[in-house]
Amino acid sequence: MKKTVLTRLYRGWTSNPVFVATLILFVAMTLFVPSFATVKNITTIAQQFSFTGIAATGLAFVLIGGGNDLSIGSNISLSSVAAALVMTRLMGATGASVLPGILAALAAGALIGLFNGFCVSRIGMNAFILTLIVQMLCDGIALIATDAVSIGNLPAGYTFIGTGNVLGIPLPIAIMLAFFAAGQFALSKTAFGRRLYAVGANRQAARLVGVPIEKIQILAFVISGFCGAAAGIILSARLGAATPSAGSNSMLEIMSAAIIGGNSLFGGKGTVVGAACGVILLSLISNGLNLLGVSYYATMIVKGGIILFAVALDYFNQKMRTRQMLKG
Amino acid sequence: MEGLNRKKGFFSREFLLSNIIYIAAAAFVVTMSLINDRFLTGRNIINLFTQSTVLMALSIGMALAMITRGIDMSLGSLLFLCAAVMQFCGKKLGWTSPAMCAAGLLTGTAVGVLNGIIAAKLQVYPLLTTLATMYACRGLGLLITGGGTGLMPMTWGKLTSFKLLGIPSQVFVVLAIAILFQIFLSATSFGRRIYAVGDSEKTARDKGINITRVKVFVYAAAGFMAGVAGIVSSSQVVSVPANLGANQETMAIIAAVLGGTSLFGGKGSTFPCALIGALIMSCISNSLVLLGAAPNAYSVVYACVIFFVVLMDTIRAKVMK
Amino acid sequence: MRKIVLILLAAMLTLSMCAHAEEGIVIGISMPSMQSSFFEGELYMAEETAKAAGVSYISVVADGDTAKQKTQIEDLISKGVDAVVCVPNDTEAIVSSIADCVAAGIPFIAMGRMPADMKDVALAITCDNFACAEACALAMADGAAEQGYEKVKVIELVGDLRDQNAVERTEGFKAAAAERGFEIVAEVATEWDADKAFSRLTDTLQGIDDFNAIYVPSDFLLPTIMSCLQTAGRWTALGEEGHVIICSIDGDPLAMEFITSGYVFMTANTDAFSFGRNAVAGAIEIAKGNFPAEVSQPVEVGDLRKASIEAAGDTIWGNVY
């Protein structure tokens, strides 16, 4: 049978369980959860996961390249703090301060990514521990810089990012979609993307073929840092304040979302679209639990269960892949 | 088992790299005692030991897991869960202190076994699986205590106020446990297997070592130590506040690595490595307090210290290859 | 296989979702976390008040996560609640949630912690931290007089300065102490962490012998203080030698026991029940269209000493909870 675009798309979707699960959950919630299926609620949910979606996109790059980034959460906090400090303390929260603020945040995120990438790729430090250290560092710096107090009164131009619309679509959603599209394009259609997969799948082989491993991995980390900063901008714009601890709690959720979406901890596998789906799935679950008023303790256990489930799934997937490789 | 057959003595690159932590720590101690004359007093030193007991206990467990190239992020919350269980037994069921201790240690070991099984079966970074256990433990503990600060029976506090030669009893207990574990690690064949798994899992499996048994053991031991830490911690503050043990696992990792246990597995010990690491951490926080540093600065200092240490560890691992 | 697993997961979640329509007035209650018996008390009475009035409620807990609280309030708005009662996790960031509520025509009632911008808040049940600190200072002077101390030399414990309440409690106390001629001999940063408080207080007591009072900004620290003072040999009851005048804030169950036995002199009771009760009662009125004359309504601060506790019995939340 001729493989048309549609059939390929169909097979791609149904073979990835995340898509199926998300779809089923969406339908179920429409039917069973009151107040779910309204335009307002759906757009609200989409805005809520806009910042985790962007961060998960960046994380996908790092995971595919065979690394890991536990500092995304703190990156989000620190970048938003950087932006807020530049805008309010240095430039008096004027309209003109918005762009420098945004640039400061993005630069901060990219620099953190560069540092991460350099230490992990060039020096060879363990990615988990290194990014854990960077997480502590960023949190600490954010606390010192803000004296542990959130920075409010951000200029209107900045908060517009979080509350405004473009062509009827809320800005956070539009920006997130742009990141999804750009990220997926970079992964599937560019040489960088192909090499990234190669490095993640088999580092030694990639080196033998002449792929500049270190540069590729460092770039992946920089992208992750950049995305984290963007996420921080969106979050602080929505909250109307830059909190020194806002992003730290989200790390686990972003990581689980990326892994559920098929971005393996073993590297070499995954997509931005998958990460996006993972984020949507987790947000739907979260939204559902909120709308139903499920007890606090139960949600903690659900949270832990989801992480475990994501890792277990990743492991089983990896096992099956290896088995298939040996067979074929 | 390079951890055991280290050639010592000459000032080679290897010697410096492996022991740079101790060298740095020695320099640090000297500097601190010059800056603040209260630092090296007998009372302060006893203080340091007392304050680091909880961390020492956790570091022993963390070191064991790290020797197998694993990690246990749930230790802090497990400390809390054990304390919560003991508080329940003590206050609501009216058990005596020894019975409470047994309950706490049992809880810790049981969860540890669970962590071990997951780590062995899933073979993925135990970092994430133990993170999941961390959430579950904290949530379960909060459910038991009801969220508030649970007061322990008054007699519970006596456990840590009992002194021998002016040094609180818990210091001796933890020291003894560390030595026992170390003897086990160095002198028994099972202990050697633990190092072997950390060195290279593949080689260990080929040699016929039961990886599952090794992993379950180390994580169970770590859980047991979390129980010990829970006893000491809840006894010192005679209560179980909702944030007991929070972030202690990160401190335990730092302490273990500071003391010389490698993240890459196969190297390290519970005595003296884990203990020295915990002591160094205590010294740092003690100094920070004596210097009057802003609390916000603490985590930055810790982060820099552990970064330096991990960097050294990484370079050492590369050079040794 | 994977498909089936995930489909089962989705199905299970589906099954666990039973729809139930809300009729009548619905109050949304947003708590920042459950890590304090104070929040527990507030939430408990808030829910009881709603039940007693025959009104439905939805409670959500943000787990210390600001972004989560924003999400949860947005979800409450989606759900169409008639009023939102909230203890903000972050007083700056909550302003955007207040704007969301206003845009949806839902009144916002603040409880305990005050938003940075009070512009659109319909009702605020405030905690007068300055009154608490003042009450403590007054009691401290009384206690010193009773014990026969000429000058009050107080060790001040300070909470986590990220908490506005902690900031106000320390500022208030410093002002009241200055007015009365107290001498603050030391300040101990606790960061609302019992373990840190234990270490730092122990360190502080090492260097200071001349003190006769301690100011405690939250009752959950009392067991820690007991532990440290016992080690220093200063844990004695009122009237006995070396007794330390301890005055604290909160009025939670921990304090009751200590005050009754004479070790703690007084606690400033910030009745958690009153917060919950007043907030929800006010919310219901506002939902019906009756807006309060005064937006800011402080909860009265009680001065609880041995005699008053015995007299008051069950009406104090600390005794019941």
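What should the 19 residues of helix 5 (residues 129–147) of chain C span at 1.5 Å a residue, and how far apart are its end C-alpha atoms? The model is a predicted one. The expected span is 27 Å, because each residue contributes 1.5 Å and the span is counted over one less than the number of residues. The end C-alpha atoms of helix 5 of chain C are likewise 27 Å apart, so the expectation and the model agree.

Helix 5 of chain C also contains a set of buried residues. Its N-terminal residue N129(C) is among them, and the set continues with C132(C), A133(C), A135(C), C136(C), A137(C) and A139(C). Further along the helix, M140(C), A141(C), G143(C) and A144(C) are buried as well. Just after helix 5 of chain C comes G148(C), which adopts a positive phi of about 90°.

The wider setting is chain C as a whole, which has 12 helices and 12 strands. Of the 321 residues in chain C, 59% are buried. Among the contacts in chain C with a separation of 6 or more, 73% join residues 24 or more positions apart.

Chain C also meets a neighbouring chain: 25 of its residues are in contact with 26 residues of chain B. Helix 2 (37–52), helix 7 (194–207) and helix 8 (222–232) of chain C each supply at least two residues of the side that touches chain B. Helix 7 of chain C provides the largest share of that side, with 9 residues. By residue class, the side of chain C that touches chain B comprises 8 nonpolar, 11 polar and 6 charged residues.

Definitions and conventions: Residues numbered from 1 in each chain as written. Chains lettered and ligands numbered in written order. Predicted model: local features only at pLDDT ≥ 70, side-chain atom pairs only at ≥ 80, totals over all residues. Helix = DSSP H or I, 4+ residues; strand = E, 2+ residues; numbered from the N terminus. Buried ≥ 20, exposed ≤ 12 C-beta atoms within 10 Å, placed from the backbone. Contact = placed C-beta atoms within 7 Å. Nonpolar A, V, L, I, M, F, W, Y, C, P; charged D, E, K, R; others polar.
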